[in-house]
Amino acid sequence: MKKLGGKVALITGTESGIGHAIAVEFAQQGADIVITYLNNSEAAAETLLAVQQAGAKGVIVQVDVSNEQSVDALFDAALQYFPQIHILVNCAGVRSTDKYIHEVSVAEFMATLNTNLVGTFMCSRKFIQHRLANGGLGRVINISSVHEEVVSPGKTDYCASKAGIRGLSRALAMEVADKQIAVNNIAPGMILTPMNKRAFEEPEYRKALEQRIPSKTSGMPQDVAKVAVFLASDDAAYITGTTQVVDGGLSLSRAQGAK
Ligand code: NAD
């Protein structure tokens with residue numbers, strides 16, 4: 001039996017990587033999908049095709065999650081196409097500037113926070129307003145990172161943004177639990193997506209990184225997507241305010257970032 005039949009999911013960052021995989025996995029489980037993209041409309045069209053091939057409906061909407069007007073327009077457009085949205089997955093994100101704090105500009109730091117943290121806040125805010133106007137019920141799933149907990153030098157921007165998502169998610173979970181809206185994070189470790197382009201393209205570099213992971217393997221986008229299906233499904237109805245780590249044991253290794 002399909003786990004998400006009759007549901008509509010809005011997933012940000014759906015034109016690539018983990019967001020694409022979640023869209024396809026959700027569609028295979030019966031959900032219709034609001035597909036979003038920032039720049040690459042052709043990649044979004046590929047996601048739509050995969051959603052349709054799985055037997056689900058989809059609509060594509062362009063959004064910049066770091067821009068309030070753009071987020072408002074996303075929800076307006078999505079709700080013109082589907083009468084309700086039951087699941088929000090905040091997956092859009094940017095990687096760290098990979099600069100130490102004395103080298104990073106305020107604008108660079110803010111850019112990471114604006115997409116990863118403020119974008120998650122603005123999309124969640126619109127979604128919760130929509131659910132409250134429709135009697136509650138719903139799921140928010142945030143794709144944070146092991147960096148919501150694990151720290152690494154050169155990643156103050158990214159660690160602050162993902163730790164911020166952890167606080168946001170847990171506080172929001174308390175606010176809306178009695179409306180039967182659940183809010184949970186998924187914290188991936190090293191997943192092979194365009195965000196980890198170098199690991200994708202350079203096998204030696206990837207092997208070196210994998211030595212730090214207890215499982216000695218990278219994760220695939222589908223590893224994250226399957227956990228998102230669980231958290232979106234009725235099986236997870238009583239789970240809220242948690243983080244599900246998907247990292248092959250990476251966050252167990254306290255050697256992260258050690259010299
Ligand atoms: P990705 O680069 O393939 O996906 C990121 C997506 O976010 C892209 O589709 C991009 O267009 C979109 N995006 C970026 N800025 C945006 C904006 N302002 N507005 C709208 N969309 C925007 O990489 P991914 O690995 O699939 O990343 C997805 C999420 O997973 C991110 O939040 C990332 O931080 C998180 N994550 C990834 C890994 C990993 O190892 N790949 C690990 C931990 C967490």
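In this predicted model, strand 4 and strand 5 pair in the parallel sense, and 4 bridges join them. One residue of this part of the sheet can be followed to both sides: Ile87 stands opposite Arg139 in strand 5, and Ile87 of strand 4 is also the bridge partner of Ala9. Strand 1, which covers residues 8-11, pairs with strand 4, residues 87-90, in the parallel sense over 3 bridges, and within strand 4 it is Val89 that Ile11 stands opposite.

**The sheet as a whole**

These pairings belong to an open sheet of 7 strands, whose order is 3-2-1-4-5-6-7 and whose pairing is parallel. At the edges of the sheet are strand 3 (58-62) and strand 7 (243-246), each of which pairs on one side only. On average, neighbouring strands of this sheet are turned by 20° against each other, with direction ignored.

Are the residues on the two faces of strand 4 buried or exposed? Both faces are covered, since Ile87 and Val89 on one side, and Leu88 and Asn90 on the other, are all buried.

Helices also lie against these strands. Helix 2, made of residues 41-53, lies across strand 2 (32-37) and strand 3, and it runs at about 170° to strand 2. Helix 8, residues 221-232, packs on the sheet and touches strand 4, strand 5 (138-143), strand 6 (181-188) and strand 7, while its direction makes about 165° with that of strand 6.

**Pockets and a cavity**

The table sets out the spaces described below.

| Space | Volume | Nonpolar residues in lining | Polar residues in lining | Charged residues in lining |
|---|---|---|---|---|
| Largest pocket | about 1,300 Å³ | 23 | 19 | 8 |
| Second largest pocket | about 330 Å³ | 9 | 4 | 4 |
| Largest cavity | about 40 Å³ | 3 | 5 | no charged residues |

The largest pocket has a volume of about 1,300 Å³. Of the 50 residues that line this pocket, the closest to its centre are Arg95, Tyr158, Thr193, Met195 and Asn196. Two or more lining residues are given by each of helix 1 (17-28), strand 2, helix 5 (156-176), helix 6 (197-201) and helix 7 (203-210), and the largest share, 3 residues, comes from helix 1. Strand 2 therefore appears in two parts of this description, as a strand that helix 2 lies across and as an element, by DSSP runs, that lines the largest pocket.

The second largest pocket holds about 330 Å³ of space. Its lining has 17 residues, and those closest to its centre are Leu137, Gly138, Arg139, Gln180 and Ile181. The elements that give two or more residues to this lining are strand 5 and strand 6. Arg139, named here close to the centre, is the residue of strand 5 that Ile87 stands opposite.

How many cavities of 30 Å³ or more are counted? The count comes to 1 cavity, and about 40 Å³ of space lies in the largest cavity. Its lining is made up of Thr12, Val65, Asn90, Cys91, Ala92, Thr115, Gly119 and Thr120. Helix 4, residues 106-132, gives the largest share of this lining, 3 residues. Asn90 links the cavity to the sheet, for this residue lines the cavity and is also one of the buried residues of strand 4.

Conventions:
Residues are numbered from 1 along each chain as its sequence is written. This is a predicted model: local features need pLDDT of at least 70, side-chain atom pairs count only at pLDDT 80 or more; totals for chains, interfaces and linings use all residues. Side-chain values use heavy atoms; hydrogens and water are left out. Two strands pair if DSSP finds at least two bridges between them. Axes are lines fitted to C-alpha atoms, for helices over the stretch in contact, and angles run from 0 to 180 degrees between N-to-C directions. Contact means heavy atoms within 4.5 Å. On a 1 Å grid over the protein atoms alone, a cavity is a set of points where a 1.4 Å probe fits but cannot get out, and a pocket is an open set with protein on both sides within 12 Å along at least five of seven lines; lining residues have an atom within 4 Å of a point. Grid points are joined across faces, edges and corners, and a volume is the space filled by probe spheres set on the points. Ala, Val, Leu, Ile, Met, Phe, Trp, Tyr, Cys and Pro count as nonpolar, Asp, Glu, Lys and Arg as charged, and the others, Gly among them, as polar. Buried means under 20% relative accessible area, exposed over 50%, partly exposed in between (1.4 Å probe, protein chains only).
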